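Work through these short exercises with the structure open beside you. Try each task before you read its solution.

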Amino acid sequence: MVNEATGVSRDMTTSDSGDYDFVEVPVGTYRLEFDLKGFKKNVRRGVGLDINQVITLNMTMQVGASKKLWT
């Protein structure tokens, strides 16, 4: 999660079920990056957050292309 105005970032690891919670996040517009080995990186820009707002942001991860190593 990156604040688009300040560049300040925070990292979060999801639970085993894929849930995540960011608490005490300043008001602003954010870029969220979802990245996991074996999946394509997914970026969501322009996520606005207001005071005392709770949002749910669901993201679908796509399986990444397998790379075959030749010997």
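## Exercise 1: Salt bridges

**Task.** How many salt bridges are there in this predicted model? Find their partners, and say which residues the salt bridges join into one network.

**Solution.**

Step 1. Use the cut-off. A side-chain nitrogen of Lys or Arg must lie within 4 Å of a carboxyl oxygen of Asp or Glu. The count under this rule is two salt bridges.

Step 2. Take Arg31. Its partner is Glu33, and the closest N and O atoms are 2.9 Å apart. That distance is within 4 Å, so the pair counts as a salt bridge.

Step 3. Take Lys41. Its side chain meets that of Glu33 in a salt bridge, at 3.2 Å from N to O.

Step 4. Join the pairs. Arg31, Glu33 and Lys41 form one network, through salt bridges that share partners.

## Exercise 2: Exposure in the network

**Task.** Are Arg31, Glu33 and Lys41 buried, partly exposed or exposed?

**Solution.**

Step 1. Recall the classes. Buried means under 20% relative accessible area, exposed means over 50%, and partly exposed is in between.

Step 2. Read the values. Arg31 has 22%. Glu33 has 36%. Lys41 has 48%.

Step 3. Classify. Arg31 lies between the two cut-offs, so it is partly exposed. Glu33 is partly exposed because 36% also falls in between. Lys41 counts as partly exposed for the same reason.

## Exercise 3: A surface patch

**Task.** Which residues make the nonpolar surface patch of about 280 Å²? Where in the chain is Leu36 found?

**Solution.**

Step 1. Name the members. Leu36, Phe39 and Val63 make the patch.

Step 2. Place Leu36. It is in the loop that runs between strand 2 (28-34) and strand 3 (42-49).

## Exercise 4: The whole chain

**Task.** What order do the elements follow from the N terminus? How does the radius of gyration compare with that of a compact globule of 71 residues?

**Solution.**

Step 1. Count the elements. The protein has three strands and zero helices. The order is β-β-β.

Step 2. Compare the radii. The protein has 15 Å, whereas a compact globule of 71 residues would have a value near 11 Å.

Step 3. Look at the box. Along the principal axes, the C-alpha atoms fill roughly 55 × 25 × 15 Å.

Step 4. Check burial. Of the 71 residues, 17% are buried.

Step 5. Turn to the surface. The accessible surface is about 6200 Å², and 50% of it belongs to carbon and sulfur atoms.

Notes: Residues numbered from 1 in each chain as written. Predicted model: local features only at pLDDT ≥ 70, side-chain atom pairs only at ≥ 80, totals over all residues. Heavy atoms only, no water. Patch = residues over 30% accessible without salt bridge, like charges linked within 9 Å, V, L, I, M, F, W, Y side chains within 5 Å. Areas by Shrake-Rupley, 256 points an atom, 1.4 Å probe, with all protein chains shown as cover. Helix = DSSP H or I, 4+ residues; strand = E, 2+ residues; numbered from the N terminus. Buried < 20%, exposed > 50% of the residue type's maximum accessible area, 1.4 Å probe, protein only. Rg over C-alpha atoms; globule rule 2.2 N^0.38 Å.
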